[in-house]
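Biologist: I'm new to this one, so please walk me through it. I'll keep asking what earns each label.

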Amino acid sequence: MLIDFFCKVRDYKVPCTLRELLDLIRALEQGVVFASIDDFYSVSRTILVKDEAHFDKFDRAFADYFTGVASLELDLSEIPEDWLKKHFEKQLSAEEKAKIKALGGLDKLMETLAERLKEQEKRHQGGNKWIGTGGTSPFGAYGYNPEGIRIGQDESRHRRATKVWDKREFKNLDANVEIGTRNLKVALRKLRQFARTGSSEELALDETIAATARNAGYLDIKMKPERHNAIKVLMFFDIGGSMDDHIKVCEQLFSAIHGEFKHLEFFYFHNCLYENVWRDNNRRRSEKIDLLQVLNTYSRDYKVIFVGDATMGPYEITYPGGSVEHWNEEAGNVWMKRLTDHFDKVIWLNPQNEAQWPYYASINIMKGLVDNKMYPLTLAGLGQGIKALI
Amino acid sequence: MSAFQGTSNYIASNELQLAVNAAIALERPLLIKGEPGTGKTMLAEELAASLGVELIPWHIKSTTKAQQGLYEYDAVSRLRDSQLGDEKVKDIGNYIIKGKLWHAFTSDNRPVLLIDEIDKADIEFPNDLLLELDKMEFFVYETQEKIVAKQRPIIIITSNNEKELPDAFLRRCFFHYIRFPEKTEMQAIVDVHFPKIKQKLLDEALALFFNLRDMPGLKKKPSTSELIDWLKLLLAEDISPEVLHETRQKKVIPPLHGALLKNEQDVHLFEKLAFMHRGQR
């Protein structure tokens with residue numbers, strides 16, 4: 001009973017165990033719900049899912065299982081082509097569009113998609129409701145289905161009212177989305193977790209003994225204050241140029257980190273790290289700080305966090321004089337190496353979509369320079385980065 | 001035990017009712033998450049009231065230890081008493097202070113135990129309670145006695161998501177996320193709190209409130225509890241619906257906004273947007 005459903009939920013990567021399945025069966029046995037699919041949805045979600053970040057996956061699994069394969073026959077003729085196209089274009093970024101052009105343009109791509117859909121229909125007898133989630137489709141890579149746009153839902157012959165799980169209200173709570181207004185706080189929490197390493201208030205044993213002795217043997221308890229956060233952070237922000245696209249998320253990260261650490265120093269750089277950094281972007285020409293001075297000032301136990309998209313010409317990193325702003329005597333990678341040699345822990349947070357990383361040579365070079373410790377600037381990425389910093 | 005259906009001053013969504021009833025029937029702790037101000041703590045209070053049983057609240061702080069929920073051995077006062085030659089000293093039981101879980105386990109009626117804001121505690125806190133929540137029993141080493149729950153209390157745990165809870169702990173709980181209510185649900189909630197509020201005022205206030213929540217870039221979105229506070233103020237100050245309507249049309253900052261926007265940056269942002277809006281016209 002319910003084993004197929006349970007497997008489906010697990011297929012969608014909702015973490016749940018046998019224990020929860022047994023609970024669910026017991027709930028049904030006890031008659032918590034009876035003959036109502038909506039109630040069953042609520043109860044099964046309550047029991048199987050333990051984090052709102054997984055609600056969206058659960059909704060998809062639920063829809064897949066219950067409306068599933070049989071209920072929707074996808075008829076290609078029902079989808080007007082320009083509707084598809086419009087949707088397409090709305091979803092694509094400039095780079096993606098360029099990439100599609102390289103693959104023979106949107107029309108070519110649409111043709112391939114149409115073929116693929118037909119094939120899929122034959123193979124699955126009735127077609128799959130979720131086009132593009134199969135993982136074999138090349139279209140996924142182009143961000144065509146970043147949020148699981150359902151082609152053909154509106155045109156479906158099944159004009160049923162949208163169900164709760166079909167609304168996918170919890171889409172935004174998925175841990176892979178980029179840091180947003182609401183998620184800012186969650187990011188803060190992850191940082192706080194690694195900030196509070198000290199233990200709570202303790203008994204100061206030595207002082208208590210001494211004080212008690214002075215007090216003629218009558219107890220005199222002395223307490224030590226709580227230990228404070230000892231973590232020191234050094235941040236380097238890439239600013240200007242291609243980073244303008246990511247300004248909001250960086251601002252949010254900045255304010256989140258700012259409130260969290262007592263020992264926080266930050267510097268700006270442009271594209272790649274060279275001999276100079278600066279603290280105030282308005283006076284970047286006049287008040288430069290020698291990077292060597294930074295290296296000599298801050299001890300190696302400072303945790304270094306780079307924030308930048310690392311999207312530039314590869315020569316900006318690897319050649320002397322590669323900088324777009326000034327003549328640099330030594331190449332960017334020399335300076336990066338100096339820095340990573342000096343500090344124990346260095347990570348790089350990249351606001352650029354992780355799926356696009358492999359297409360930029362500069363990102364790969366930079367990733368190598370920070371010992372592969374480059375993480376996307378998403379909640380999940382930040383979490384991984386923090387783990388690498390401890 | 002009858003099913004929970006919300007109370008005269010607490011509107012519980014159908015999903016929430018089901019979650020609560022499943023947790024009661026299967027005797028599992030229910031973990032409640034949601035935006036601040038959506039009534040997580042209130043749920044436990046109202047649940048206890050509707051079932052007519054005792055509520056045992058245990059508010060968690062960053063210094064709270066799991067052991068404090070079971071019992072504490074007050075060694076310091078025993079030492080002090082021994083120096084004063086008090087007779088009490090001979091029985092160690094005099095220095096065992098019962099914790100909230102102990103009270104809940106030994107209560108005569110099946111009580112509601114609220115573990116409030118569990119995410120505030122140390123990371124190890126939930127792990128330290130695994131066995132106690134599972135088996136509903138624990139052992140007091142000092143007196144060598146075993147405390148077993150007479151009946152399993154209804155346990156409501158709230159979290160604001162400040163820390164992730166360990167998997168092993170989550171496996172033992174049921175989970176419900178209180179979604180932010182929609183406009184019609186909001187209306188029902190407000191009706192419960194202010195039965196005599198004028199319909200027109202309420203419509204205007206709700207429209208303003210949801211506009212405000214939709215505004216991008218707010219650091220702290222106002223939530224249900226803020227709305228209710230704000231309505232209280234509007235009623236107390238006797239602000240007319242026309243004023244609110246005008247406010248919404250002109251997009252100026254609403255009267256008594258201090259109850260809704262709790263952050264001066266948000267107020268500033270709102271003023272800036274309002275100014276830009278006026279500039280366009």
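**What earns the label?**

Biologist: What makes E137(B) and K146(B) a salt bridge?

Modeller: Their side chains meet with N and O 3.6 Å apart. A salt bridge needs a side-chain nitrogen of Lys or Arg within 4 Å of a carboxyl oxygen of Asp or Glu, so the pair passes. As background, this is a predicted model, where local features need pLDDT of at least 70, side-chain atom pairs count only at pLDDT 80 or more, and totals for chains, interfaces and linings use all residues. Residues are numbered from 1 along each chain as its sequence is written, chains are lettered from A and ligands numbered from 1 in the order in which they are written, and side-chain values use heavy atoms, with hydrogens and water left out.

Biologist: Why is E137(B) called partly exposed, and why does K146(B) count as exposed?

Modeller: Buried means under 20% relative accessible area, exposed over 50%, and partly exposed in between (1.4 Å probe, protein chains only). E137(B) has 24%, so it lands in the middle class. K146(B) has 52%, so it counts as exposed. Salt bridges can also share partners: R19(A), D134(B) and R172(B) are joined into one network that way.

Biologist: How do you know that R171(B) and E20(A) form a salt bridge?

Modeller: N and O come to 2.5 Å there, so the pair is within the cut-off. R171(B) sits in helix 8 of chain B and E20(A) in helix 2 (residues 18–29) of chain A, so this pair joins two chains. Helices (H or I, at least four residues) and strands (E, at least two) are DSSP runs, numbered from the N terminus. Both R171(B) and E20(A) are buried.

Biologist: And what do K150(B) and D108(B) tie together?

Modeller: First, their side chains meet in a salt bridge at 3.1 Å, N to O. K150(B) is in the loop between strand 7 (145–148) and strand 8 (154–159) of chain B, and D108(B) in the loop between helix 5 (100–106) and strand 5 (112–116), so the pair links parts that are 42 residues apart in sequence. K150(B) and D108(B) are both exposed.

Biologist: How many salt bridges are there over all chains, and how many between chain B and chain A?

Modeller: A search of the whole structure finds 25. Between chain B and chain A the count is six. One of those joins K33(B) to E52(A), with the closest N and O atoms 3.2 Å apart.

Biologist: Which parts of chain B touch chain A?

Modeller: Helix 1 (14–26), strand 1 (30–34), helix 4 (75–84), helix 8 (167–171) and strand 9 (174–178) each supply at least two residues of that side. Helix 1 gives the largest share, eight residues. That side of chain B divides into 15 nonpolar, seven polar and 13 charged residues. Here Ala, Val, Leu, Ile, Met, Phe, Trp, Tyr, Cys and Pro count as nonpolar, Asp, Glu, Lys and Arg as charged, and the others, Gly among them, as polar.

Biologist: How many residues from each chain take part in the contact?

Modeller: There are 35 from chain B and 39 from chain A, contact being heavy atoms within 4.5 Å.

Biologist: Why is I60(B) called buried?

Modeller: Its relative accessibility is 6%, so it falls under the 20% limit. I60(B) is in the loop between strand 2 (55–59) and helix 3 (66–70) of chain B. Leaving aside neighbours within four places in sequence, its contacts include I115(B), I118(B) and F125(B). The C-alpha atoms of I60(B) and I118(B) are separated by 5.9 Å, with their positions 58 residues apart along the chain.

Biologist: Which residues are buried in helix 15 of chain A?

Modeller: In helix 15 (residues 332–342) of chain A, they are G332(A), W335(A), M336(A), L339(A) and T340(A). Seen down the axis, they fall within an arc of 130°, so they line one face of the helix. The arc is that of the directions from the helix axis to the C-beta atoms.

Biologist: Last one: what is unusual about the phi of K13(A)?

Modeller: Most residues other than glycine have a negative phi. K13(A) is not a glycine, yet its phi is positive, about 65°. K13(A) lies in the loop between helix 1 (3–11) and helix 2 of chain A. At 63% relative accessibility, K13(A) is over the 50% limit, so it counts as exposed.
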